[in-house]
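The exercises below practise reading a protein model step by step. Please attempt each task before turning to its solution.

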Amino acid sequence: MPEPLLEAIGLVKHYGHVQALRGANFTVHRGEVVALVGDNGAGKSTLVRLLSGAGRPDAGEIRLDGEPIVLGSPVDAQRNGIETVYQDLALAPDLDGAANLYLGREVLRSGLLGSFGVLDRKAMARGARSAFRELGVDLQNALTPVANLSGGQRQSVAVARSVAWASRIVFLDEPTAALGVVQTARVLDVVRRIRDRGVAVVLISHNMPQVLEVADRVEVLRLGRRVAQFSAGNATVEQLVGAMTGAVGDQGSVA
């Protein structure tokens with residue numbers, strides 16, 4: 001097995017008297033979709049926060065390409081090719097898809113106009129159309145305000161924004177929550193396209209059938225620790241639920 005792209009080793013995190021992570025481990029390799037599953041309170045959100053730079057562990061180590069790394073902020077993570085799409089999407093509803101794609105990374109006009117902060121909207125629109133087309137995002141007009149888009153389209157814009165800047169890993173937190181069947185299928189197709197580009201995807205989800213449909217591997221958290229790893233192609237919903245609830249005990253790696 002090649003060296004993991006991103007690895008968490010024995011991460012511990014306290015919030016006051018609450019121990020959210022109790023020596024959690026996690027691995028993801030290049031060009032794979034890893035589902036991170038667990039019941040409410042298992043520590044999934046805390047682990048993702050630490051791996052995306054939104055928090056720091058109290059103990060343990062994070063490695064990127066085999067080297068220890070300190071992710072002091074989400075900006076640190078972004079500089080290292082790690083992007084995150086949270087459930088609230090963090091989109092600006094009054095701005096169009098292109099403006100959201102370049103939010104915080106706006107392209108300025110060349111020459112004197114750029115020195116005065118004038119945006120190159122045509123260049124951003126071209127870049128957005130290219131990014132959406134590459135991921136198969138069904139967006140008729142990249143200049144349509146996000147507020148006027150469907151839930152699936154908004155989700156796709158948020159994913160496309162992260163993928164446009166991610167060179168290594170994209171974390172997706174419940175990307176199909178509250179979406180219909182057709183919209184969910186489109187988002188899952190985008191996940192596959194990201195993987196096919198060689199970018200790793202970490203999928204946080206409560207939907208076990210979807211997890212088994214799109215993931216290559218599944219890692220299970222319970223009570224702040226990783227308790228099982230599965231090859232998605234050989235796992236069942238019953239096995240995942242059993243590991244999540246502790247009904248079958250810690251399972252280690254399951255091929």
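**Exercise 1.** In which loop is Asp65 found?

*Solution.* The model is a predicted one, in which local features need pLDDT of at least 70, side-chain atom pairs count only at pLDDT 80 or more, and totals for chains, interfaces and linings use all residues. Residues are numbered from 1 along each chain as its sequence is written, and side-chain values use heavy atoms, with hydrogens and water left out.

Step 1. Begin with the elements: helices (H or I, at least four residues) and strands (E, at least two) are DSSP runs, numbered from the N terminus. Asp65 belongs to the loop between E4 and E5.

Step 2. Consider the backbone. Most residues other than glycine have a negative phi. Asp65 is not a glycine, yet its phi is positive, about 55 degrees.

Step 3. Consider accessibility. A residue is buried under 20% relative accessible area, exposed over 50%, and partly exposed in between (1.4 Å probe, protein chains only). Asp65 has a relative accessible area of 23% and is therefore partly exposed.

**Exercise 2.** Is Glu174 buried or exposed?

*Solution.* Step 1. Locate the residue: Glu174 lies in the loop between E7 and H7.

Step 2. Apply the cut-off: the relative accessibility of Glu174 is 11%, so it counts as buried.

Step 3. Check the backbone: Glu174, also not a glycine, has a positive phi of about 50 degrees.

**Exercise 3.** Describe the surroundings of Thr84 in strand E6.

*Solution.* Step 1. Strand E6 comprises residues 82-85 and contains Thr84. With a relative accessible area of 17%, Thr84 is buried.

Step 2. In a regular strand the side chains alternate between the two faces of the sheet. In E6 both faces are covered: Ile82 and Thr84 on one side, and Glu83 and Val85 on the other, are all buried.

Step 3. Two strands pair if DSSP finds at least two bridges between them. E6 and strand E7 (residues 169-173) run parallel and are joined by four bridges; Phe171 is the bridge partner of Thr84 in E7.

Step 4. A contact means heavy atoms within 4.5 Å. Leaving aside residues up to four places away in sequence, Thr84 touches Val48, Ser52, Ser162 and Phe171.

**Exercise 4.** Which strands stand at the edges of the open sheet?

*Solution.* Step 1. Write down the order: four strands form the open sheet as E2-E1-E4-E5, with antiparallel pairing.

Step 2. Strand E2 (18-28) and strand E5 (67-68) each have a single partner strand, so they stand at the edges, and one side of each is left without a neighbour in the sheet.

Step 3. Examine one pair: eight bridges join strand E1 (residues 6-15) to E2, and the bridge partner of Val12 in E2 is Arg22.

**Exercise 5.** Does the span of helix H5 agree with or depart from the expected value?

*Solution.* Step 1. The expected span of a helix is 1.5 Å times one less than its number of residues.

Step 2. Helix H5 (residues 121-134) has 14 residues and should span 20 Å; its end C-alpha atoms are 20 Å apart, which agrees.

Step 3. Among the buried residues of H5 are Ala125, Ala128 and Phe132. Helix H3 (97-101) and helix H6 (151-165) are included in what covers the buried residues of H5.

Step 4. After H5 comes Gly136, whose phi is positive, near 70 degrees.
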